[in-house]
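Trainee: Could you walk me through how to read a model like this one, feature by feature?
Mentor: Happily; let us put it on the screen and begin.

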Amino acid sequence: MSGNDSALQLVLSGDPALFAIVRLSLLVSLSAVVLAALIGVPAGALLALTRFRGREAVIVILNALMGLPPVVVGLAVFLLLSRSGPLGEWGLLFTPQAMVIAQTVLVAPIIAALTRQTIEDLWVEYQAELTAMNVGPLRRVRTLIWDARFSLVTALLAGFGRAAAEVGAIIIVGGNIDGFTRTMTTAIALETSKGDLPLAVGLGIVLIVIVIIINALAWGIRRTGERYAG
Amino acid sequence: MSMRPPALDLPIMFIDVRITAGALTILDGITLTISPGPPTVLIGPNGAGKTTLLRAAMGLVPPGSGLITWSGRESSDPKHRAIMFQRPAMLRRSAGGNVRYALAAAGMPRGKRHERAAALLADVGLAGLDRRPARRLSGGEQQRLALARALARDPGILFLDEPTASLDPAATKAIEDIVRAVSARGVKVMMCTHDLGQAKRLAGNVVLLHRGRLIENTPASEFFASPRTEEACRFIAGELLV
């Protein structure tokens, strides 16, 4: 109980170290979700609306990528960004940017796969109408993404959940450097191994509360939008 | 509402058209001319091929064999044609948003869309429902909205697939009144229905289909007074054509 009390005190006292970690975690995860959405939503929509040889295989691979092991992604990005790697000269290894890249790689397939399914289902519903209205391919994509926007919030939430909970990839490419690349999940892992359970529990509480708040906000946006747009 | 000039895509000619889906023959050797004039009403039992014929005339289903021409052209941009499906999909927007979308797709400049959409909604009796989410409208209101969306294309030919299926008499009358008004403006209406009473009320000529084949294509008064074929006699008598 005393450990939990200390954790609560840390949260309630607005501990600067704790909130710096929270801030960085949110910045990294939300940046990764935004980047992954910019890649995943159009890619998923394109896959939903095009027919080509090997499409089924691409869908199977994309769905499989949703379960990419974070440590493997971390290792791949590490090799890419390490000094001897192809992108080594960018000097991004052990920076928050490297962590954003790793999480983007993890999250983009989730958003793309869920977008593909959502858009494909909506296309089945809209195909006859849009074809009859002589709507061109670009406007079709725009229409489907716009009309599926409230369902796509769920895809973004799934991506955010993956990013916020992830530790394996960012600890490899970020290095868990205090005050620079330490996030909630990497700090929880470190503090637990050090035996500093109050900070670990405090961070755990904050992480869960943040995830609930973001989900509640997204749910609210979805419900409000559906009320007005149908 | 003013009269419009004869539609650019008329006549639509079906020349020995056959459409299949796998082993199933949906339309079998259809030869038919759809000319300007009062509504052409397609009737026939389920599976007769009415919807497929309507979609083929719209240009949505290519013939497996035979030829379809629009005003003599084998391929024609469906700019002057519009269709209302039996179960129209409502776009996830307001009622007005649905109509404005159709206007945008038809190429109307943004500045004119609001005014035109309001006029179209008023034409179909949905004035005041502009901001209501389309999916929250009743079945009858959705049918009328789909009609407004089709009319947004300012079509010369309007195809209606069972426009009043499962609607109550009041909603049916509202749709029929719109069809009459549109037809009176010079728009060619081609529709299919199961409702013989509706065919009597609206049709200029009747096309009876059975098992994908064209059984009769005659003026409505003649069709109901002195049907030429046994199938037509049985259909009008209310017997089940199987």
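**Reading the model together**

Mentor: Start with a helix of chain B: B:Ala95, B:Gly96, B:Asn98, B:Val99, B:Arg100, B:Tyr101, B:Ala102, B:Leu103 and B:Ala105 are the buried residues of helix 2 of chain B. Buried means 20 or more other C-beta atoms within 10 Å of a residue's own, exposed means 12 or fewer, and partly exposed is in between, with C-beta atoms placed from the backbone. Helices (H or I, at least four residues) and strands (E, at least two) are DSSP runs, numbered from the N terminus. This is a predicted model, in which local features need pLDDT of at least 70 and side-chain atom pairs count only at pLDDT 80 or more, while totals for chains, interfaces and linings use all residues. Residues are numbered from 1 along each chain as its sequence is written, with chains lettered from A and ligands numbered from 1 in the order in which they are written.

Trainee: How many residues of helix 2 of chain B are buried, and what do they pack against?
Mentor: The helix spans residues 95–105, and 9 of its 11 residues are buried. Their partners are helix 3 (110–123) and helix 4 (139–151) of chain B. Just past the end of helix 2 of chain B, B:Gly107 has a positive phi of about 95°.

Trainee: Which residues that are not glycine have a positive phi?
Mentor: The general idea is that most residues other than glycine have a negative phi, and most peptide bonds are trans. Here A:Phe94 has a positive phi of about 60°, and A:Asn176 has one of about 55°. A:Phe94 sits in the loop between helix 4 (70–81) and helix 5 (96–132) of chain A; it counts as partly exposed because it has 19 C-beta neighbours inside 10 Å. A:Asn176 belongs to the loop between helix 8 (168–174) and helix 9 (184–194) of chain A, and is partly exposed, with 18 other C-beta atoms within 10 Å.

Trainee: Which peptide bond is cis?
Mentor: Look at the bond from B:Leu10 to B:Pro11, whose omega is near 0°. B:Pro11 falls in the segment before strand 1 (12–21) of chain B.

Trainee: How do I read a helix pair, say helix 2 and helix 6 of chain A?
Mentor: Fit axes as lines to C-alpha atoms, for helices over the stretch in contact, and take angles from 0 to 180 degrees between N-to-C directions. Helix 2 (residues 16–49) and helix 6 (residues 137–147) of chain A pack at about 115°, their axes 11 Å apart. Contact means that two residues' C-beta atoms, placed from the backbone, lie within 7 Å. A:Val41, A:Ala45 and A:Leu49 of helix 2 of chain A meet A:Arg140, A:Val141, A:Leu144 and A:Ile145 of helix 6 of chain A. By class, that contact has 6 nonpolar, no polar and 1 charged. Ala, Val, Leu, Ile, Met, Phe, Trp, Tyr, Cys and Pro count as nonpolar, Asp, Glu, Lys and Arg as charged, and the others, Gly among them, as polar.

Trainee: And between the chains, how many residues are in contact?
Mentor: Contacts join 18 residues of chain B to 13 residues of chain A. The chain B side has 12 nonpolar, 1 polar and 5 charged residues.

Trainee: Is B:Leu67 buried or exposed?
Mentor: B:Leu67 is exposed because 12 other C-beta atoms lie within 10 Å. This residue is in strand 4 (residues 65–70) of chain B.
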